[in-house]
Amino acid sequence: MSTPTETDVLGRLASWQRALRDQFPILARHPEMAYLDSAATAQKPAAVLKAVTEFLTTINANVGRGSYPWATATTSRVEAARERIKAGLGDTGSDSTVEFVSGTSHGLRVVAQDWLAPQLGDGDEIIVPFGDHQANLRPWQDLRDTLAQRGIRIQVVPMPVDIASGDYDHRALPSVVTARTRFVAVTHVHHVFGANMNVHRVREVVGPDVPICLDAAQSVGHGPLSVAELDVDFVVFSGHKMMAAPGVGAVWARNRRGPRFAMRGWSGTPNTAGIVSLAAAWDWLDRAGLADIRAWNTALCARLTDGLSRCHDVRVLGCQDSLALDSQVQRRESIVTFRHEHVRADDLGFVLADEGIMVRADSHCQAGRASEDLAVRVSVHVYNTPEEIDRLLEVVRRCEGMRS
Ligand code: PMP
């Protein structure tokens, strides 16, 4: 059983959630399937699909080229999408910019190569996460290697992590911040542990001048996000994880610390249909209510961790303190990953798929994790139901005492 608070949330929001779930055509078409892999990619509400179809069947033209009505209308839609993203991020500044990219991996690489590279000198240091998604480690390591070829040696320093709480260790962080620290990269919500990494504390430690880049792939669209509160300099995210189309994402840049952010070179025609879907998805999420979406997803995860903690053969990865039924420690936000002591994660993935339950069972692109280091990741969004969580728990319970 979940704690009363979680049960309350699920009860209070039940009819709201039903009305939202009904808006996902793929789920209506497959009522027997439980899609629990939204951290990989989220499903799309009808409003997003409609916005894309409408765009492609009414004004579709190239952007920033041409002076005929469809071309200018398309350009206006893309500009409006930039403003939509700024508003969605609670950005009230006038100097910020939004550049469209293909997703978080591309966006982080662009920040590394186009913005950070020209600023770094011999002996400079950057602090980045070594245990988050590879997309938030490789670009910084590649940057170090590119600079080394030009005779500039920088140090890529691991962001300290507190194993007990599961987020960044702000008490250990001062010992790695130096006068040569030029940049910090962080993740908002961890893609394996579902932990909110409490990045506001990072600003407190690194001081007012060091630029911070936020990988928000797992937080945008899952709850309110305010750049005013977080005081980060970049927010990078993928459309497909926030119910927009695949192949589009954005880099929001504050443009206050260091030079103005711009993508270098000729980037060609952008993914206009994707950009339209991004704005439509943000409209849908805002109308639904992002605070309630976060409450719903967190309550589903609490129901899941409570259930899993009763299975003897299961170990939930990440912060263990948050698993106690009455825990006051942060709960998992949309993502719970676990391992069965005797059943291999990929086998469990097949067993679950056989029951119509879709989860991810592999090594999750986590930096520093070997590809054979498997675990089952369950990730939810607002269309998921407590019944789907219970179905999954029932299958896991049936595996008690089993061996692969
Ligand atoms: N960062 C995090 C935290 C992620 O979860 C992911 C996707 N799993 C990425 C970056 C990469 O996103 P994309 O594949 O959309 O580029």
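**Figure 1. The lining of the largest cavity, by residue class.** Two nonpolar, five polar and two charged residues make up the lining of the largest cavity in this predicted model. The residues in question are H188, V189, N196, S219, H222, G223, P224, R294 and E333. Together they surround a volume of about 40 Å³. The structure holds two cavities of 30 Å³ or more, and the other one has its own view next.

**Figure 2. The second largest cavity and its lining.** Here the volume is about 30 Å³. Lining the second largest cavity are G88, V220, G221, G223, P224, L225, W282 and L290. Five of the lining residues are nonpolar and three are polar, with no charged residues among them. If G223 and P224 look familiar, they also appear in the lining of the largest cavity.

**Figure 3. The largest pocket.** Now we turn to an open space: the largest pocket holds about 430 Å³. It is lined by 22 residues, and those closest to the pocket centre are E99, F100, S267, G268 and P270. Helix α5 (69–88) and strand β2 (97–101) each supply at least two residues of the lining. By class, the lining of the largest pocket comprises nine nonpolar, nine polar and four charged residues.

**Figure 4. Two domains in contact.** The domain assignment gives domain 1 as 6–44 + 289–398 and domain 2 as 49–287. Between the C-alpha centres of domain 1 and domain 2 there are 26 Å. Where the two meet, 40 residues of domain 1 are in contact with 35 residues of domain 2.

**Figure 5. Helix α10 and the glycine that follows.** Helix α10 covers residues 272–288, 17 residues in total. From first C-alpha to last, α10 reaches 24 Å, close to the 24 Å expected at 1.5 Å a residue. Most of helix α10 is covered, with 14 of its 17 residues buried. Just after α10 comes G289, whose phi is positive, near 105°.

**Figure 6. Helix α13 from end to end.** The end C-alpha atoms of α13 are 18 Å apart, and this agrees with expectation because 13 residues at 1.5 Å a residue should span 18 Å. Take a look at the side chains of P386, E388, I389, L392, L393, V395 and V396, as these residues of α13 are buried.

**Figure 7. N384 in the loop before α13.** N384 sits in the loop between β13 (375–379) and α13 (386–398). Its relative accessibility is 0%, so N384 counts as buried. Setting aside neighbours within four places in sequence, N384 is in contact with Q17, R21, Y35, L36, S38, W296, L300 and S379.

**Figure 8. D231 and its arginine contacts.** The loop between α9 (227–230) and β7 (234–238) contains D231. Apart from neighbours within four places in sequence, the residues in contact with D231 are R203, R254, R256 and R257. Another residue to find in this view is P208: D231 and P208 are 23 residues apart in sequence, while their C-alpha atoms are 9.0 Å apart in space.

**Figure 9. Two loop residues with positive phi.** This pair of close-ups shows residues other than glycine with positive phi: N198, near 50°, and M243, near 75°. N198 belongs to the loop between β5 (181–187) and α8 (200–206), whereas M243 belongs to the loop between β7 and β8 (249–253). With a relative accessible area of 18%, N198 is under the 20% cut-off and so counts as buried. M243 is buried too, at a relative accessible area of 0%.

**Figure 10. V111 and its surroundings.** Our last stop is helix α6 (residues 104–116), where V111 is found. V111 has a relative accessible area of 0% and is therefore buried. Leaving out neighbours within four places in sequence, V111 is in contact with L116, W140, F183, C213, F234, V236, V251 and F261. You can also look for P139 here: V111 and P139 are 28 residues apart in sequence, with 8.7 Å between their C-alpha atoms.

Key. Residues are numbered from 1 along each chain as its sequence is written. This is a predicted model: local features need pLDDT of at least 70, side-chain atom pairs count only at pLDDT 80 or more; totals for chains, interfaces and linings use all residues. Side-chain values use heavy atoms; hydrogens and water are left out. On a 1 Å grid over the protein atoms alone, a cavity is a set of points where a 1.4 Å probe fits but cannot get out, and a pocket is an open set with protein on both sides within 12 Å along at least five of seven lines; lining residues have an atom within 4 Å of a point. Grid points are joined across faces, edges and corners, and a volume is the space filled by probe spheres set on the points. Ala, Val, Leu, Ile, Met, Phe, Trp, Tyr, Cys and Pro count as nonpolar, Asp, Glu, Lys and Arg as charged, and the others, Gly among them, as polar. Helices (H or I, at least four residues) and strands (E, at least two) are DSSP runs, numbered from the N terminus. Buried means under 20% relative accessible area, exposed over 50%, partly exposed in between (1.4 Å probe, protein chains only). Contact means heavy atoms within 4.5 Å. The expected span of a helix is 1.5 Å times one less than its number of residues. Domain bounds come from an automatic or database domain assignment.
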